[in-house]
Structures are given as structure tokens and as C-alpha cells.
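Here is a brisk report on one predicted model. Keep the viewer open while reading.

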Amino acid sequence: MSLPTVRNYCMLEKIGAGSYSTVYKAFRKDGSREVVAIKCVDKDSLSKSAVDNLVTEIKLLNVLKHEYIVEMKDFFWDEGHIYIVMEYCDGGDLSSFIKKKHKLPESTCRRFLQQLALALKYLRDHNVCHMDLKPQNLLLMRKPQLILKVGDFGFAQYLSNSEHKFTIRGSPLYMAPEMLLKHKYDARVDLWSVGVIMYECLFGKAPYSSSSFQELAEKIKDSRPIEMPKAAHVSTTYLEHAPTKENYEKAATLVHKAVEMDTEKNAKEAFYLYCEALRYFIPILTDESDIKRKEVLRHRVNDYIRRAETLKVAFIDENTGKHLAPENKGNVSSLQRISSLEKSSAFIYNELRVLSKSTTNMVDALEIGEVAEQYLAEGNYALALEKFQSCLSVLVPLLGKEPAGRRRDLLHKQVQIWMKEAESTKGLLATKDIDSLQRTSDEQCVLQ
């Protein structure tokens with residue numbers, strides 16, 4: 001197959017095709033020899049609506065500049081074609097990526113979701129709705145690391161704050177019900193598409209996969225529940241810890257406070273603060289593309305991880321009451337011992353266990369919480385978090401029903417302790433992502 005001739009560019013191969021355009025991989029003939037993707041649009045095949053979409057796409061791409069949006073580098077035309085020169089994404093599209101892998105690890109999905117969310121926030125800040133979000137329109141960069149970028153703005157529109165009604169646009173499988181049913185809608189329709197895309201990333205197929213448009217429409221009209229695959233497990237998403245400049249500043253502030261608490265010998269608060277800082281730092285570390293900056297940040301993060309692990313030992317000792325061992329009591333007055341006991345997590349837990357004997361589900365939940373602390377001490381953070389969440393799912397509703405009194409006060413304190421420990425466990429669990437995310441990127445970047 002012969003390749004078209006385009007001024008200033010050497011065409012290499014065809015990499016995609018649409019209803020009225022073909023996309024080629026090419027490089028500039030100048031000294032830079034930059035590799036690009038060129039979308040060649042056949043003028044004769046364009047309908048009036050296609051012309052309008054193309055004009056809108058070029059106008060939008062001319063002003064939309066974001067690290068997670070495919071960049072338009074140039075556009076020009078000749079007698080037969082319009083050419084849009086785009087940033088070349090060497091990892092293909094997300095649809096092919098999912099088909100190759102069948103389903104994606106949750107850590108990869110989380111990273112893609114963060115990147116997609118930041119791109120959509122940028123679009124909303126510029127009053128733009130994409131309206132055709134789907135895996136085929138999300139492109140991947142492999143080098144220097146795996147990055148998702150939003151592409152194909154052919155159906156995108158500027159929207160005001162009021163609702164609008166447009167003709168159906170986009171792909172039905174990823175289309176919000178408001179659009180599908182021809183109701184009024186606004187930029188929030190993109191969020192429905194994001195949900196469908198993330199489901200497909202996690203489970204390998206779209207939630208409303210159907211053999212026909214009619215079947216799809218009926219499922220959505222009837223509000224049929226989305227079926228989760230058997231044994232499916234998805235942990236809490238961490239969008240609030242996305243790799244942004246603002247979150248870097250939050251992480252730095254948390255570390256500064258952690259160091260203060262550490263200096264004041266407050267192991268518990270220092271531990272909590274280091275763990276929360278790590279939840280911000282680790283996505284930033286895994287997202288960093290500059291090798292030198294990444295290495296500097298990696299050393300800092302490793303220091304914080306080591307300090308958190310050291311403080312964890314002191315923290316667990318406090319929870320188990322080891323600091324109140326009999327041989328250490330001789331130098332402390334009775335009043336001091338009582339005061340220390342009242343502050344001890346172990347004392348709170350033990351008294352609460354005695355007072356909860358008449359409430360079976362409370363006793364069971366407390367035992368699960370104790371197991372969670374054991375897993376935390378052993379460094380098994382995934383199981384620790386699972387157990388913390390399990391016990392809190394029982395204790396929090398019980399707390400809401402508990403009458404005023406000593407047991408309620410103790411239960412409230414214990415719930416607060418385990419909520420903090422659960423959040424800290426998330427920070428420690430995130431540290432396990434450093435190597436696994438790097439391995440995932442290396443393995444999954446082998447796309448031909």
C-alpha cells in the first residue's frame with residue numbers, strides 16, 4: 001500500500017483509520033526528526049456535520065495544552081486533504097491495551113484514573129465537554145513511563161453552566177443515559193463514560209455489554225443493576241492523592257509536622273503524619289518522568305518509609321501496653337500509672353472488651369480489630385487494612401446506637417484509634433506500590 005506524500009514530513013506507516021480520516025506515523029524532515037502522528041482527512045468525504053466537528057476539534061486542540069491530553073502540533077491543508085499533526089503516542093490506545101492484557105491490575109487502573117481525572121478537571125476549567133470518552137480515544141505513551149492521554153476531540157463542545165440538548169454524539173456503549181434517551185445534559189456526561197471505562201479496565205468488558213443497540217438501551221432505561229464479576233474486589237480509590245503540585249505541597253507540610261512530632265517524642269502522631277505524607281508522595285514518585293528528580297525523591301521517600309516503620313514498632317508497643325510492663329512500674333507513682341493507663345490503647349481495648357461481653361457482634365468486631373493490629377505489626381498491610389475496614393463497618397453503626405455512658409466513650413475512642421490506624425495502613429500499603437508499579441510499567445510497556 002502506497003503512503004501519501006505530505007510536505008515537510010516523511011510518512012512511515014498507517015496506524016489507524018476512521019470514517020473520514022486515516023492516521024499515519026511520520027517524522028519531520030527537518031533536523032529534529034520528531035516522530036508524530038498525522039491525521040489525514042479526505043475533504044470529499046466530509047458531510048456538513050463532519051466539517052463542523054473538525055473545525056471545533058482544531059479550535060479546541062489549538063488552545064488545550066495539558067500533560068494528559070494529546071497535543072496538536074500543527075495543521076494545514078491542500079486541495080484534497082486536511083492534515084492535523086498530533087503528538088505521537090507509542091503505546092497505542094487503551095482498548096487494544098485492555099484486549100492484550102484481558103484486564104488491568106488495580107494499581108494501573110488507579111494511575112490511569114488519576115491521569116484521566118486531571119485531564120477532565122482541566123477540560124471543565126476550560127468549559128469543555130469531551131462527549132466521546134471511550135478506550136479507543138484514550139492513547140498511551142510508553143516512554144519514559146506509561147501515561148494515558150485523552151485524544152479525538154471530534155465530538156467535543158464548549159458548554160455553559162446551563163444544561164444543553166444536543167443530538168446524540170459519541171459511542172452508545174460509553175454514552176450517559178441522558179444522551180442516550182435524548183434528555184438535557186451537561187458536561188457531567190463525561191463522568192458516566194469514565195465509570196464505564198474504569199469498569200472495563202478492571203474486569204475486561206464494559207458493564208452493559210450488549211449484542212445490539214436496542215438491548216443496550218433497554219438495559220439502561222430499565223436501570224438494570226450492574227453485575228460485578230464473581231470474587232471481584234476493588235479497594236478504595238485514591239484520587240485525592242493524585243500527583244499534582246498542590247499535593248506535593250501537602251505532602252511536604254505533613255512531613256514537616258511529622259518531624260516536629262518526632263522531635264517531641266510523640267511517636268504515634270509522627271507515625272500517622274509520615275504515613276499520610278506517603279500517600280501523597282508515592283503517586284508523585286511513580287509519576288515523575290525526570291530520572292534525576294525521581295532518584296532524589298525516591299531517596300527521600302525511602303527515608304520516610306524507614307522512619308514510619310521504626311515509629312510503628314514504638315506505636316505497636318504502646319497499643320499492646322508493653323511500655324507498662326511490671327519491671328518498669330517501680331519508678332512511677334500510682335497516679336502516674338493510672339493516668340498512663342487511661343491514655344493507653346491497650347487499656348481502652350481491654351476495658352471495652354469487658355463491657356461488651358453482652359453484645360456479641362461488638363465482641364466479634366473487637367477481635368477482628370485486634371487481628372488487624374497484629375497484621376499491621378507483621379507488615380501485612382493489605383490484610384491489616386481489610387480487617388480494620390471489616391471491624392469498623394460493624395463498630396461505627398453500633399457507636400451511633402450506643403447510649404451515653406462509659407462503654408460509649410470507650411467505643412468512640414477505640415473507633416477513632418482504628419480509623420487512624422486504617423488510614424496509616426493505607427499509607428504503608430502504598431509503599432508496596434513503588435516496586436510493583438515500576439514492574440507493571442516495564443511489563444506493560446511492551447506493546448507492539
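In this predicted model, 41 residues line the largest pocket. Gly16, Val23, Gln136, Leu139 and Asp152 lie nearest its centre. The volume of the largest pocket is about 1200 Å³. Its lining draws at least two residues from each of β1 (9–17), β2 (21–28), β3, α1, β5 and α2. Strand β1 gives the most to this lining, with four residues.

**Hairpins**

Two antiparallel strand pairs are set out below.

| Strand pair | Bridges | Hairpin link | Opposed residues |
|---|---|---|---|
| β4 (residues 72–77) and β5 (residues 81–87) | five bridges | three residues | Phe76 and Tyr83 |
| β7 (residues 138–141) and β8 (residues 147–150) | four bridges | five residues | Met141 and Ile147 |

Strand β8 repays a look at its side chains. Ile147 and Lys149 point one way, while Leu148 and Val150 point the other way. Buried or exposed: which applies to these residues of β8? All are buried.

**Nonpolar cores**

The largest nonpolar core holds 53 residues. Within this core, Leu94 and Phe112 touch the most other members. Helices and strands both feed this core: β3 (35–42), α1 (48–63), β5, α2 (94–101), α3 (106–125), β7, β8 and α5 (189–203) each supply at least two residues. The largest share, nine residues, comes from α3.

Which residues does Phe112 contact, leaving aside its neighbours within four places in sequence? They are Leu94, Phe97, Leu104, Leu140, Leu146, Leu148 and Met198. One of these, Leu148, is among the buried residues of β8. Another, Leu94, is itself named with Phe112 as touching the most other core members.

A second core is separate and has 50 residues. Its members include Leu285, Ala372, Leu410 and Ile417.

**Helix α11**

Helix α11 covers residues 345–355. In this helix, Ser345, Ala346, Ile348, Tyr349 and Leu352 are buried. Why do the buried residues of α11 line one face of the helix? Seen down the axis of α11, they fall within an arc of 160°, so they line one face. The general pattern helps here. An α-helix has 3.6 residues a turn, so residues three or four places apart point the same way.

Key
Residues numbered from 1 in each chain as written. Predicted model: local features only at pLDDT ≥ 70, side-chain atom pairs only at ≥ 80, totals over all residues. Heavy atoms only, no water. Buried < 20%, exposed > 50% of the residue type's maximum accessible area, 1.4 Å probe, protein only. Pairing = 2+ DSSP bridges. Core = buried A, V, L, I, M, F, W, Y, C linked by side-chain atoms within 4.5 Å. Contact = heavy atoms within 4.5 Å. Arc of directions from axis to C-beta. 1 Å grid on protein atoms, 1.4 Å probe; cavity = no way out; pocket = protein on both sides within 12 Å on 5 of 7 lines; lining within 4 Å. Points joined across faces, edges and corners; volume = space filled by probe spheres on them.
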